[in-house]
Amino acid sequence: MPPPKKAVAEMEQYTAPTEGRRGKLRLDFNENTLGCSQKVVDALRKVTADDVSVYPAYGEFLGELARYLDVDASEVLLTNGSDEGIKAVMDAYIEQGDEVVLPVPTFAMFKAYASIAGAKINEIKYNSDLSFPLKQLLAAISGKTKLVILVNPNNPTGTAINECDIVRILKKAKDSIVLIDEAYWQYFGKSCKGLIKKYDNLIVLQTFSKAFGLAGLRLGYAISNQGTISLLQKVISPYSVNSLALIAGKAALQDLDFVNSYVAEVKESKAYVERELQRLGIKTYPSKANFVLANFGNKCVLVCRKLKAKKILVRSRANYPLSEGCVRVGIGTRQQSFRLVQELKAILRRNVILFDLDGVLVDVSNSYRLAIKKTAEFFTKQTARLQDIQSLKERRGYNNDWDLTLALIAAKGFKIRRKDVIRKFQEFYLGCNGQNGFIGNEKWMLSPKILSELYKKYRLGIVTGRPKKEAYTVLKKFNMLDFFDCVVTMADYKEKLAKPNPFSINLALKQLGSRQAVYVGDSVDDIKAARNAKIESIGVLPPYVSSDSLKQLLTENGAKTVLNDVNKLGRVLK
Ligand SMILES: *Cc1c(COP(=O)(O)O)cnc(C)c1O
């Protein structure tokens with residue numbers, strides 16, 4: 001048996017990991033995660049024997065595609081995916097030993113086909129921030145350069161090249177071919193196909209595989225001047241694009257709304273994923289495509305494996321130059337991205353911190369406490385001291401401040417109906433028509449900076465006895481809602497299940513899918529609830545408490561430690 005070509009023998013085996021991807025959220029190959037236009041599926045359903053028994057005829061579709069691209073039909077060549085276009089360029093231009101300039105890291109097929117053709121590949125590294133290495137590239141182009149390859153935007157970095165830089169390259173490489181792969185041009189929003197009129201050394205490749213969602217049909221095309229297109233035509237097989245691809249491509253061009261609205265959604269969804277990754281302390285690189293390169297460092301392997309277990313596929317690029325520790329994360333719809341982010345949060349942060357709201361995160365001395373005082377004074381016409389309120393709170397657990405107020409009034413010998421107490425209390429707390437209530441006096445206590453740091457390492461949640469609306473109002477008012485992956489309020493459990501019953505804490509842990517947690521609270525009931533839920537707790541003294549008795553009580557009931565300022569939490573948890 002004769003040996004194969006030397007270049008082929010030396011090539012590494014490449015088997016695309018495309019098996020077993022059905023039914024999963026496929027963020028690994030940059031395809032359209034919604035599939036394709038329904039019009040494409042409908043058109044394929046109507047396929048007849050005539051459509052498949054006859055060799056394909058390209059004229060009609062070529063005309064429609066040229067119209068879509070705003071070029072002449074003689075300036076377009078259909079290929080079996082862009083892959084065949086890449087190979088055709090190598091076959092048409094590269095002789096043994098010819099120089100190909102290739103910025104890396106990039107799509108693998110350039111190197112593969114250039115090697116088979118016997119090219120000498122001059123790899124130019126992207127800058128360390130993954131920006132386009134224009135200077136180095138221009139410097140690398142010489143009289144010996146046969147082909148310059150640009151991918152715009154690039155895969156896997158997402159880097160875009162602007163048009164004036166492309167023009168500089170086209171001019172510098174006037175005696176070479178410049179191949180620009182625009183597989184993701186829709187997401188970037190710009191194509192340089194118009195430059196073929198002015199620069200006869202330019203070949204642009206585009207594909208139906210990505211935004212159009214037709215990867216399985218293998219339909220791509222090259223755009224260049226008529227002479228170059230005729231030349232490329234010679235080296236590809238005459239029927240490389242099949243009839244079903246033509247039928248699908250035609251239908252796809254008739255439903256551009258599908259692509260446009262998908263692209264718009266992906267852009268929005270990408271901004272969301274980037275923002276969420278940044279909040280988790282994960283670095284991403286600016287991307288103009290439908291994927292982002294995210295640096296998970298030494299958690300890279302773990303992230304890929306855990307996501308896969310959750311049926312989300314992403315692509316590790318950890319072994320590529322300049323992208324050590326990086327995963328290429330495809331961007332899908334808003335909903336798909338939400339699911340991705342939820343899973344990433346769960347993977348990156350196993351441990352949970354649950355917070356009580358009042359007295360821990362929010363200073364309520366001039367709101368709830370004041371409402372207790374004023375309500376009691378209203379009904380008893382006697383002064384209610386804050387210290388008495390606190391000792392009542394410490395001595396006996398009250399599910400909420402209404403019951404505490406009721407007890408305070410009862411202790412003075414007055415019998416008032418609970419619902420009247422509640423009404424007066426709410427009037428003081430919320431004010432009239434949402435104005436001048438004590439709620440306006442509330443202050444947020446845990447610094448956003450510490451909270452952002454905790455957010456990177458822990459899943460944060462709130463377990464409070466507040467009514468739902470009042471809990472969300474304060475979280476939104478201070479712009480803190482985003483930090484908390486779950487918020488359990490009075491609305492989520494029956495009154496008899498309130499703390500110290502572990503129900504509300506257990507509910508939060510169930511929602512977060514973890515039991516490695518600590519509860520931060522300021523009352524004996526908080527600490528007891530944590531103990532009943534079999535998790536650790538940390539006590540915090542609210543700002544209005546001066547006595548040592550609470551500290552002692554919290555410790556006696558099982559608080560691991562008691563802080564006099566919630567902002568010391570960062571240090572304790574390290
Ligand atoms: C996905 C991809 C292609 C492959 O396109 P096909 O048309 O499916 O062959 C080409 N170039 C780049 C940069 C890609 O990422």
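Start by selecting Ser-37: leaving out residues up to four places away in sequence, Ser-37 touches Asp-255 and Phe-258. Keep in mind as you click around that this is a predicted model.

**Stop 1: two spots in one loop**

Where along the chain is Ser-37? You'll find Ser-37 in the loop between β1 and α2. Is Ser-37 buried or exposed? Its relative accessibility is 2%, and under 20% means buried, so Ser-37 counts as buried. Now add Ser-261 to your selection. Ser-37 and Ser-261 are 224 residues apart in sequence, yet 11 Å apart in space, C-alpha to C-alpha.

Next, pick Glu-31, which also lies in the loop between β1 (25-26) and α2. Show Phe-212 along with Glu-31: the pair is 181 residues apart in sequence and 8.5 Å apart in space, going from C-alpha to C-alpha. Which residues is Glu-31 in contact with, once its neighbours within four places in sequence are left aside? Light up Arg-21, Arg-26, Lys-210, Ala-215, Tyr-262 and Asn-290 to see them.

**Stop 2: a covered helix**

Select residues 243-253, which make up helix α11. This helix is mostly covered, with eight of its 11 residues buried. Colour Ser-243, Ala-245, Leu-246, Ala-248, Gly-249, Ala-251, Ala-252 and Leu-253 to pick out the buried ones. What covers them? Turn on α2 (38-45), α3 (49-53), α4 (59-69), β2 and α12 (256-279), which are included in the cover.

**Stop 3: the sheet**

Switch to a cartoon view and look for an open sheet of seven strands. Follow the order β2-β8-β7-β6-β5-β3-β4, and note that the pairing is mixed. The edges belong to β2 (76-79) and β4 (120-125); each has a single partner strand, so one side of each is left without a neighbour in the sheet. Going from one strand to the next, the twist averages 20°.

As background, strands of a sheet pair through backbone hydrogen bonds, either parallel or antiparallel.

**Stop 4: strand β3 and its partners**

Zoom in on β3, residues 99-104. How many bridges does β3 share with β4? There are six, and the two strands pair in the parallel sense. To see individual partners in β4, match Leu-102 with Glu-123, then Pro-103 with Ile-124. Looking towards β5, you'll find three bridges joining β3 to β5, and these strands run parallel too. One bridge pair to select here is Val-100 with Leu-147 in β5.

In a regular strand the side chains alternate between the two faces of the sheet. Try colouring the two sides of β3: Glu-99, Val-101 and Pro-103 are on one, with Val-100, Leu-102 and Val-104 on the other. Both faces are covered, and these residues are all buried. Six of the six residues of β3 are buried, so β3 is largely enclosed by the rest of the structure. From β3 the chain crosses through α6 to β4, making a right-handed β-α-β crossover.

**Stop 5: helix α6 and the pocket**

Select α6, residues 109-116. The helix lies across β3, β4, β5 (145-151) and β6 (177-181), and runs at about 155° to β4.

Finally, show the largest pocket, which holds about 1,400 Å³ of space. Its lining has 47 residues, and Tyr-14, Phe-107, Ala-108, Met-109 and Tyr-320 lie nearest its centre. Which element gives the largest share of the lining? That's α6, with six residues. At least two lining residues come from each of α1 (6-10), α5 (81-93), β3 and α6.

Key: Residues are numbered from 1 along each chain as its sequence is written. This is a predicted model: local features need pLDDT of at least 70, side-chain atom pairs count only at pLDDT 80 or more; totals for chains, interfaces and linings use all residues. Side-chain values use heavy atoms; hydrogens and water are left out. Two strands pair if DSSP finds at least two bridges between them. Helices (H or I, at least four residues) and strands (E, at least two) are DSSP runs, numbered from the N terminus. Axes are lines fitted to C-alpha atoms, for helices over the stretch in contact, and angles run from 0 to 180 degrees between N-to-C directions. Contact means heavy atoms within 4.5 Å. Buried means under 20% relative accessible area, exposed over 50%, partly exposed in between (1.4 Å probe, protein chains only). A crossover is right-handed if, with the strands pointing away from the viewer, the path from the first strand over the helix to the second runs clockwise. On a 1 Å grid over the protein atoms alone, a cavity is a set of points where a 1.4 Å probe fits but cannot get out, and a pocket is an open set with protein on both sides within 12 Å along at least five of seven lines; lining residues have an atom within 4 Å of a point. Grid points are joined across faces, edges and corners, and a volume is the space filled by probe spheres set on the points.
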